[in-house]
Amino acid sequence: MNSPYPHKSIASKSWPAPAKLNLFLHVTGQRADGYHELQTLFQFVDHCDYLDFHVTESAELVLHSNLGDAVADSDNLILKAAKSLKRYTQYKGGAHIWLNKLLPMGGGLGGGSSDAATTLVALNALWKTNVSPSKLAEIGLALGADVPVFINGLAAFAEGVGEQLINVQPDEPWYLVIVPDAHVSTKDIFQDPDLPRNTPKLDMKSLLTQQWTNDCQKLVTTKYPQVANALSWLVEYAPSRMTGTGACVFGEFTHSQQALDALAELPADMHGFVAKGMNKSPLLTRLEQL
Ligand SMILES: C[C@](O)(CO)[C@H](O)COP(=O)(O)OP(=O)(O)OC[C@H]1O[C@@H](n2ccc(N)nc2=O)[C@H](O)[C@@H]1O
Ligand SMILES: Nc1ncnc2c1ncn2[C@@H]1O[C@H](COP(=O)(O)OP(=O)(O)OP(=O)(O)O)[C@@H](O)[C@H]1O
C-alpha cells in the first residue's frame, strides 16, 4: 500500500493545541511601542485543534490543513513557528504538518497562538533540538502575545503583554462557551479610543479573590450586538463574561450536566460548546507521552 506520507519520515500524531480563556482581563496601560500592558488570568480548556507531524530529512516545511483559504501559508503561525525554530537551531531537516482546525478563529480563544506553541513544542521534541522552554517561549512571543502561556502549559496569572507568568491553580469548572457570529480583530479593539486602558494595577492576591471582569467587554458588546446578545442569554444560566478581545463568551458551571442542559436550550441562531477548565494543558500531557 502506498504511504500518504513523505519518504523517510517519522510520524507523530494528535498533538493538541487547546483553547485558552482569559478568566479576567485588565488593561493597565500602554507601552511606548503601542502594545498594551495587561493583568490577566489564563486557563486552558479541553477543546483543541490537533496537529500531526512528519519529520523529514529534506529541509522543506509544508502545511496541510482544513483551513481552506482562511489563512494564507505566508501568514500561518504554524509555518512561522516552524521556520523560527529551524532558523534558531540551524536544524537541517524539515517537516510536513497536518492541522485539523476545530477552534473558531478570531474568537479570543487564542487558537492561532496555541497552534504556534504546539508546533514549537512538538518540533523541538521530534527534531531533538533541545531548546529550553523559556527560550521556546521567547521565540514564540515574537509570533503572538499569547504563545508563551501555551508553551508554559500551566494556568497562569500574567502581566506585561501576557508573557510574565506566575503559575496559579484556579478552580476547574465546566464552561459553556458561545461563539457569536462575529470576527473581532484584536488589533482594532486595542486601537479603539474608547477602550479603557488605565485600570489600576493590583497585586495578584487581590485580583484572584475579587470579582473577575474583562476590560474589553463593554466596548466589544457595544460594537458587536451578536456578542451582547450571547452574553445577555448566557448570564441567565451562569456567571458569564467575554474572553480576550472577544467574540467568545463563557459561563461557568459546577457540573458538566448543567452546562450541557444550558447548551441544549441555546437558540438556533447561536452556537457553542461545553468544555472543562484545565490548569494543565493537554499539550504538556501529550509531551510527557513521547
Ligand atoms: C488580548 C489577548 O488575547 C489576551 O490573552 C492577547 O493579548 C492577544 O494576543 P494576540 O492575539 O496573540 O495578539 P498579537 O497578535 O500579539 O497582537 C495583535 C495586535 O493587538 C495589539 N495588542 C496586542 C496585545 C497587547 N497586549 N496589546 C496590543 O496592543 C497590537 O496592535 C497587535 O498588533
Ligand atoms: N494557525 C492559525 N490558526 C488560526 N488563525 C491563524 C493561524 N495562523 C494565523 N492566523 C491568523 O490569526 C488570526 C487570529 O486567530 P486566532 O484564532 O488566534 O484569534 P483569537 O482567538 O482571537 O486570538 P487571541 O485570543 O490571541 O486574540 C486569524 O484571523 C488568522 O488570520
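Student: What makes domain 1 (10-168) and domain 2 (174-278) both contributors to the shell around ligand 2?

Tutor: Each of the two domains supplies at least three residues to that shell. This is a predicted model, and the statement concerns its coordinates.

Student: Which residues of the shell come nearest to ligand 2?

Tutor: Of 19 residues around ligand 2, the nearest are Leu77, Gly111, Gly112, Asp115 and Gly244. A residue counts as near if its C-beta atom, placed from the backbone, is within 6 Å. Helices H1 and H2 (111-126) are the elements that give two or more residues to this shell. H2 gives the most, with four.

Student: What is the make-up of the shell around ligand 2 by class?

Tutor: The shell has 11 polar, five nonpolar and three charged residues. Gly counts as polar here, so Gly111, Gly112 and Gly244 of the nearest residues fall in that class.

Student: Why is ligand 1 said to lie between the domains?

Tutor: Domain 1 (10-168) and domain 2 (174-278) both give residues to its shell, so ligand 1 lies between them. Among the 19 residues around ligand 1, His36, Gly144, Ala145, Phe190 and Gly244 come nearest. Strand S2 (36-56) and helix H5 (186-191) supply at least two residues each. By class, the shell around ligand 1 has 12 polar, five nonpolar and two charged residues.

Student: How do you know that the residues listed under "active site" gather at one spot?

Tutor: The unreviewed UniProt entry lists Lys20 and Asp146 under that name. They span 127 residues in sequence, yet no two of their C-alpha atoms are more than 9.1 Å apart, so they gather at one spot. Lys20 is part of strand S1 (residues 10-30).

Student: What makes S3 and S4 a pair of strands?

Tutor: Pairing requires at least two bridges, and five join S3 (residues 61-65) to S4 (residues 94-100), so the criterion is met. The two strands run parallel. Val62 has His96 in S4 as its bridge partner.

Student: Which handedness does the β-α-β unit of S3, helix H1 (residues 77-89) and S4 have?

Tutor: The unit is left-handed. A clockwise path over the helix, with the strands pointing away from the viewer, would be called right-handed, so the path from S3 over H1 to S4 does not meet that description.

Student: How do you know that S2 and S10 (residues 272-278) pair?

Tutor: They share two bridges in the antiparallel sense, and two is the minimum for a pair. Val45 stands opposite Gly277 in S10. S10 is also joined to S7 (residues 174-178), antiparallel, by five bridges. There, Ile178 stands opposite Gly272.

Student: Why is the bond joining Gly246 and Ala247 singled out?

Tutor: Omega is about 10 degrees there, and the peptide bond is cis. Most peptide bonds are trans, so a cis bond is an exception. Ala247 is placed in the loop between strands S8 (240-242) and S9 (249-253).

Student: What is noted about phi of Ser14?

Tutor: Phi is near 55 degrees, a positive value in a residue other than glycine. Most residues of that kind have a negative phi. Ser14 belongs to strand S1.

Student: What confidence values does the model carry?

Tutor: The mean pLDDT of the protein is 95, with 97% of its residues at 70 or more. Both ipTM and pTM are 0.95.

Technical notes
Residues are numbered from 1 along each chain as its sequence is written. Chains are lettered from A and ligands numbered from 1 in the order in which they are written. This is a predicted model: local features need pLDDT of at least 70, side-chain atom pairs count only at pLDDT 80 or more; totals for chains, interfaces and linings use all residues. Domain bounds come from an automatic or database domain assignment. pLDDT is the predictor's confidence in each residue, from 0 to 100. UniProt positions are given in the numbering used here, feature names are shortened, and annotations may be inferred rather than shown by experiment.
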